[in-house]
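Please take a moment with the sequence and the structure shown here before reading on. The paragraphs that follow lead through the two chains, one region after another.

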Amino acid sequence: MISQLDRDLAELQQAAAAYTARHQFIHDFSYPPGIRIAVNFTLDFDSMLLRRLLNEPPMQLAKGEFGGRVGIWRLIELFDVHHVKATIFTPGRACELYPQALRAAVRSGHEIADHMWEHRVPKEAALEEDHLAKTVAALEQISGKRPVGTRSGHSAALLRKYGYIYRSEGSADQRPHYFVDEEGENCLVHLPFHYVIDDAMFFSFAWLGSENTAQRITDPERVFDIWWAAFRQQYREGGYLNICMHPFVSGRALRVAMLDRLISQMKSLPGVWFPSCEEVARLCLEKFPPRAQAA
Amino acid sequence: MPWKERYTISDEKSLTDDEIRWPQGARCCVGITVDLSVADGPDGIGAADLTTPEAEFGTNQGFSALLTVLKRYDLKATFAVPAVLAPIYADRIRASVAEGHEIAANGFKHEDVSAFQREEERARITRATEILAEVTCGRPVGWFSLPRQGDPFAGGTISSNTMDLLIEAGYLYMGNGLADDVPHYWVTDFASRRAILTLPYYYHFDDQFFLMFPRKGTGLEHPDALFRNWKAEFDAQYKRGRHFHMTLHPRHIGWCNRLQLLNDFLAYLRGFPDLWTPTGEECARYWLETYPASAYLRLEPSIWHDYPGSLS
């Protein structure tokens with residue numbers, strides 16, 4: 001009996017220690033002089049791809065289509081007015097659906113990064129690589145350069161093989177950090193985002209299969225207050241904020257107006273930097289390189 | 001080569017703000033849909049839905065109260081009516097027509113048609129059209145498939161045949177679509193550009209998702225969030241010169257403080273000059289004439305490919 005309890009204890013200790021060991025946190029993380037915080041505006045440009053993948057009905061697809069026909073254009077315009085460099089996590093297939101919008105984003109200097117081929121990571125290794133390679137080719141064709149970042153669950157080994165340097169997912173630390181795979185290899189910069197700074201959590205009906213009783217439908221003012229409070233706290237800490245948005249959600253007129261107000265209020269403080277994710281990842285690799293393995 | 005079939009229903013990019021003009025130099029278009037349905041789920045209206053205190057309120061006091069508020073602000077709305085209700089409330093339907101409101105269809109009994117065979121759905125559209133034509137002495141030109149509180153998604157349920165059948169049945173417009181926030185064309189056949197004009201709808205401006213949602217007694221009441229959404233969207237659309245739209249249910253919005261909320265919002269709207277407040281039909285006719293599909297539906301040649309290992 002006792003020995004079983006001890007085995008449980010050892011197993012849990014080992015699991016926790018192994019997981020923690022895969023992280024390298026940047027304890028002395030700081031920005032170049034004059035900068036107090038980096039704010040990454042990141043767009044997950046699913047439009048209707050995820051809706052289609054989940055076999056959702058026609059009106060759900062139309063809801064997603066708003067992101068490609070209307071939302072993405074408005075957000076690009078908003079970022080350009082404010083001199084914000086955004087990162088657009090783009091499914092490879094979006095290049096066939098909305099090439100005009102993506103080219104406009106590239107012209108404005110926004111970063112085009114990976115968001116899977118058709119918003120899924122196949123379980124079969126060969127097909128996963130096929131999807132990743134197709135996405136790299138599609139994004140390179142549209143943007144003129146190979147993507148270096150992803151928001152996906154693609155394997156780190158595959159991502160490193162194709163030249164990726166960062167992944168924007170998870171919230172293991174509020175600041176950028178490093179994460180290696182289970183073999184302790186294939187280190188990637190992780191740019192954290194949290195579901196509480198994700199527009200779909202507040203505005204998208206039936207998001208992630210949620211039931212009607214679980215809908216958190218709300219209004220832009222309330223979300224403004226939550227996001228502003230998050231920004232203020234990180235600003236004081238000299239930290240980092242990654243705001244995850246979907247063009248079919250945040251591209252609605254009432255929310256573009258809210259974002260306009262949010263960015264203006266952020267800009268009223270000194271030292272707020274609005275770079276692409278790639279810029280933040282390169283800053284990390286250059287100033288705070290990971291210990292073991294060159295990324 | 002396949003088009004972007006089963007992915008997109010319209011062109012790659014909406015009209016920009018600069019391209020949009022409204023009659024008589026109006027700055028912004030405001031559309032109001034009043035949904036008379038009392039259906040709760042996919043089966044549509046049953047006897048049990050009609051024999052509740054809420055249904056009684058919605059078709060009597062709530063209905064009258066809503067009409068009074070609309071009249072106070074000289075607003076004409078489009079009433080989305082499940083055809084089965086038209087004979088039951090014929091006097092009230094005719095009274096609304098007399099006041100200048102439009103009567104459009106909201107299904108035969110506001111049922112979910114997505115699993116029906118084409119023939120079955122066609123028969124329902126035909127019968128619904130006949131019933132409404134009989135009651136209003138003129139056939140409806142607008143069709144709605146509005147969402148219900150109990151639906152798993154908040155966009156309204158249609159089948160893959162619905163839009164084509166509406167064109168076939170001679171409908172001028174579809175009343176609720178989510179791919180744009182101005183009227184737009186829903187394409188049913190890309191080769192021939194067969195399409196139906198679709199008016200914008202969004203559930204964040206629909207009272208039923210904020211007032212005792214998802215159902216009476218166990219739902220949450222967020223009239224403040226509804227008001228802020230209406231106001232934020234209207235302010236933004238007025239600035240852009242586009243289109244603002246709201247959906248109301250007499251049984252929800254007609255009740256005391258909520259009715260006051262609507263009154264306050266319409267009073268707020270009245271403070272803005274240069275609003276155009278057409279019915280759905282007036283808006284659709286204007287749009288079809290000013291922005292005909294032949295010139296404004298900008299379908300790009302498809303670069304969509306089928307790949308092994310990918311969805312087609």
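Two residues are taken to be in contact when their C-beta atoms, placed from the backbone, lie within 7 Å. The model is a predicted one, and everything said below about contacts, burial and geometry is to be read in that light.

With that criterion in hand, A:R167 offers a starting point in chain A, where it is found in strand 6, which spans residues 166–167. Leaving out residues up to four places away in sequence, A:R167 touches A:T150, A:L159, A:L188 and A:H190. A:R167 counts as buried because it has 24 C-beta neighbours inside 10 Å, the threshold for burial being 20 or more. Another residue to look for around it is A:L191, which is 24 residues away from A:R167 in sequence, while the two C-alpha atoms are 6.3 Å apart in space.

Strand 6 of chain A also has a part in the covering of helix 12 of chain A, together with other elements that include strand 2 (37–44), strand 3 (87–90), strand 4 (111–114), strand 5 (149–150) and strand 8 (188–190). The residues of helix 12 (residues 277–287) that are buried are A:C277, A:E278, A:V280, A:A281, A:L283 and A:C284.

A contrasting site in chain A is A:N55, which lies in the loop between helix 2 (49–53) and helix 3 (58–81). The backbone of A:N55 has a positive phi of about 60° although this residue is not a glycine, and with 8 other C-beta atoms within 10 Å A:N55 is exposed.

From here the path leads to the contact between the chains, to which chain B brings 44 residues and chain A brings 39 residues. On the side of chain B that touches chain A, helix 8 of chain B gives the most, with nine residues. That side of chain B is made up of 18 nonpolar, 16 polar and ten charged residues.

Helix 8 of chain B (residues 223–240) also has a partner within its own chain, helix 10 (residues 256–270), and the axes of the two come within 11 Å and cross at roughly 15°. Helix 8 and helix 10 of chain B are therefore roughly parallel to each other, and their crossing is right-handed. From helix 8 of chain B the residues B:P223, B:F227, B:W230, B:K231 and B:F234 take part, and they meet B:N257, B:R258, B:L261, B:F265, B:Y268 and B:L269 of helix 10 of chain B. Taken together, the residues of this contact between helix 8 and helix 10 of chain B comprise eight nonpolar, one polar and two charged.

Beyond helix 10, in the loop that leads to strand 9 (275–276) of chain B, lies B:D274. B:D274 is not a glycine, yet it has a positive phi of about 65°, and it is exposed, with 12 other C-beta atoms within 10 Å.

What of the strands of chain B? Strand 5 (residues 173–177) of chain B is largely enclosed by the rest of the structure, because five of its five residues are buried. Strand 4 (residues 142–143) of chain B runs parallel to strand 5 of chain B and is joined to it by two bridges, with B:G142 standing opposite B:Y173 of strand 5.

Strand 6 (residues 184–189) of chain B is likewise mostly covered, five of its six residues being buried. Strand 6 pairs with strand 7 (residues 194–200) of chain B in the antiparallel sense over five bridges, and B:W186 has B:I196 in strand 7 as its bridge partner. The hairpin formed by strand 6 and strand 7 of chain B has four residues between the strands, and within this hairpin B:R193 takes a positive phi near 60°. After strand 7, the loop between strand 7 and helix 8 of chain B holds B:P214, and the peptide bond from B:F213 to B:P214 is cis, with omega near 5°.

The last stop is B:F63, in helix 3 (residues 61–72) of chain B. With 21 C-beta neighbours inside 10 Å, B:F63 counts as buried, and, apart from its neighbours within four places in sequence, B:F63 is in contact with B:G58, B:R92, B:P250 and B:G254. B:I303, by comparison, is 240 residues away along the chain, and its C-alpha atom is separated from that of B:F63 by 50 Å.

Notes: Residues numbered from 1 in each chain as written. Chains lettered and ligands numbered in written order. Predicted model: local features only at pLDDT ≥ 70, side-chain atom pairs only at ≥ 80, totals over all residues. Axes fitted to C-alpha atoms, helices over the stretch in contact; angles between N-to-C directions. Parallel < 35°, antiparallel > 145°, perpendicular 65-115°, else oblique. Left-handed = near helix turned anticlockwise from the far one by under 90°. Nonpolar A, V, L, I, M, F, W, Y, C, P; charged D, E, K, R; others polar. Pairing = 2+ DSSP bridges.
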